Amino acid sequence: AVCSMGNSTSRLYSVLAKTLSSGAVSQHQDCLEQLDSAQLDPLDPKDLLEECQIVLQKRPPRFQRNFVNLKKNTASNHRPIRVMQWNILAQALGEGKDNFVQCPMEALKWEERKCLILEEILAYKPDILCLQEVDHYFDTFEPLLSRLGYQCTFFPKPWSPCLDVERNNGPDGCAMFFLKERFELINSANIRLTAMKLKTNQVAIAQTLKCHETGRLFCIAVTHLKARTGWERFRSAQGCDLLQNLKNITQGAKIPLIVCGDFNAEPTEEVYREFSNSSLNLNSAYKLLSPDGQSEPPYTTWKIRPSGECRHTLDYIWYSQHALNVNSALGLLTEEQIGPNRLPSFNYPSDHLSLVCDFSFNQDPDRLL
């Protein structure tokens, strides 16, 4: 079988060209099986980054973002755990449904946009990566990230809107990746969220990991709640269901917890208050970037649709504030960097900004609450 790999130079054929360019995964099952043996070979992240940059050489350079040091005067005897949260924008939705009126279709071309996404991930080198709107898991992210040493998990939406788009690449969903050299998987749960006793189209993944260096357990979760105005009560019900699941998994906060997600909810919404006031004693990491440590960033997504300009704070990294410290957080893009046409763009591959935090365990493991 001949696999369609898209345009590539001979230099790129070695890595990036082995990820399929387009089409439903089912159409390429034979090709995926043929690539299995190649995927087992370790891949040097520097090589992959270099190849991404060759593909992107006609695009503007990456935006510079700096980490803000948030660490208090508490010593840590282990390497921080870097967690990255990002709604990467499903390819089918970007091209077929989202109507980014100021974004040229050329900027959404998958062969280049996937390299922008990979470049962002490779630049920050997360120990744990939590993604939403992943519709190229099997042909791009799992093959490449597994070769970079990540253990990969994907949970698609039952009725993904991507499937309504002609020439889609299958359903989108949540994906989680963690470095096997740093963590051992103890338990994994795929959660289909319910609202008002009804199963919904939104999902979550929750995994309990053991840190090799410290021997400490913690739970990491990723989710993507229902979008759109008018669905606030629905999101609230989904949030309650997720919190209840996480209470069970963490044995009522005995196991430290990090929750990453696109909540599709501003801080004024009920679901945000539910997470803030939960018995799991969660705090939102990006609040710590504000002068008083109490305010969320002004935006995590900024786009222009036919209905107008949308600037919202919807993405969060929640953490157990009794058991974990936030050492640093990646600053957001400025309005000047984002530019008048907003996101996505030739510079940036998604309409949502990536969030990245470095965590350390509290030095007193018995101090739970």
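## Worked exercises on strands, packing and pockets

Let us warm up with Cys152, which is buried at a relative accessible area of 18%; buried means under 20% relative accessible area, exposed over 50% and partly exposed in between, using a 1.4 Å probe and protein chains only. Cys162 is also buried, with a relative accessible area of 0%. The model is predicted, so local features need pLDDT of at least 70 and side-chain atom pairs count only at pLDDT 80 or more, while totals for chains, interfaces and linings use all residues. Residues are numbered from 1 along each chain as its sequence is written, and side-chain values use heavy atoms, leaving out hydrogens and water.

**Exercise 1.** Find how many disulfides the model has.

*Solution.* Start with the rule: a disulfide is a pair of cysteine sulfur atoms within 2.5 Å. Then apply it, and the count comes to zero disulfides.

**Exercise 2.** Decide how many of the residues of strand β2 are buried, and which way their side chains point.

*Solution.* First, fix the element: helices (H or I, at least four residues) and strands (E, at least two) are DSSP runs, numbered from the N terminus. Strand β2 covers residues 81–87, and seven of its seven residues are buried, so β2 is largely enclosed by the rest of the structure. Next, recall that in a regular strand the side chains alternate between the two faces of the sheet. Here Ile81, Val83, Gln85 and Asn87 point one way, while Arg82, Met84 and Trp86 point the other way.

**Exercise 3.** Work out which strands pair with β2, and place β2 in its sheet.

*Solution.* Two strands pair if DSSP finds at least two bridges between them.

- Step one: β2 and β15 (residues 355–361) run antiparallel and are joined by five bridges; the partner of Val83 in β15 is Cys357.
- Step two: β2 and β3 (residues 128–134) run parallel, again with five bridges, and Met84 stands opposite Leu129 in β3.
- Step three: β3 continues to β5 (residues 173–179) through five bridges, and this pair runs antiparallel.
- Step four: the sheet is open, has seven strands in the order β1-β14-β15-β2-β3-β5-β4, and its pairing is mixed. β1 (67–69) and β4 (150–156) each have a single partner strand and stand at the edges, so one side of each is left without a neighbour in the sheet. From one strand to the next, the twist averages 20 degrees.

**Exercise 4.** Identify what helices α4 and α5 touch in the sheet, and their directions.

*Solution.* Two conventions are needed. Contact means heavy atoms within 4.5 Å. Axes are lines fitted to C-alpha atoms, for helices over the stretch in contact, and angles run from 0 to 180 degrees between N-to-C directions. Helix α4 (residues 110–124) packs on the sheet, touching β1, β2, β3, β14 (324–330) and β15, and its direction makes about 160 degrees with that of β2. Helix α5 (residues 137–147) packs on the sheet too, touching β3, β4 and β5, with about 160 degrees between its direction and that of β4.

**Exercise 5.** Describe the largest pocket and the largest cavity.

*Solution.* On a 1 Å grid over the protein atoms alone, a cavity is a set of points where a 1.4 Å probe fits but cannot get out, and a pocket is an open set with protein on both sides within 12 Å along at least five of seven lines; lining residues have an atom within 4 Å of a point. Grid points are joined across faces, edges and corners, and a volume is the space filled by probe spheres set on the points.

Take the pocket: the largest one holds about 810 Å³ of space. Its lining has 35 residues, with Lys226, Ala227, Arg228, Asn264 and Arg305 nearest the centre. Strand β7 gives the largest share of that lining, four residues.

Then turn to the cavities: the whole structure has two of 30 Å³ or more. The largest has a volume of about 70 Å³, and among its lining residues are Arg62, Leu116, Tyr124 and Pro349.

**Exercise 6.** Locate Arg228 and Gln251, and say whether each is buried or exposed.

*Solution.* Arg228 is in the loop between β8 and α6, has a positive phi near 90 degrees, and counts as exposed at 52% relative accessibility. Gln251 lies in the loop between α6 and β9 (257–262); its phi is positive, about 55 degrees, although it is not a glycine. At 51% relative accessibility, Gln251 counts as exposed.
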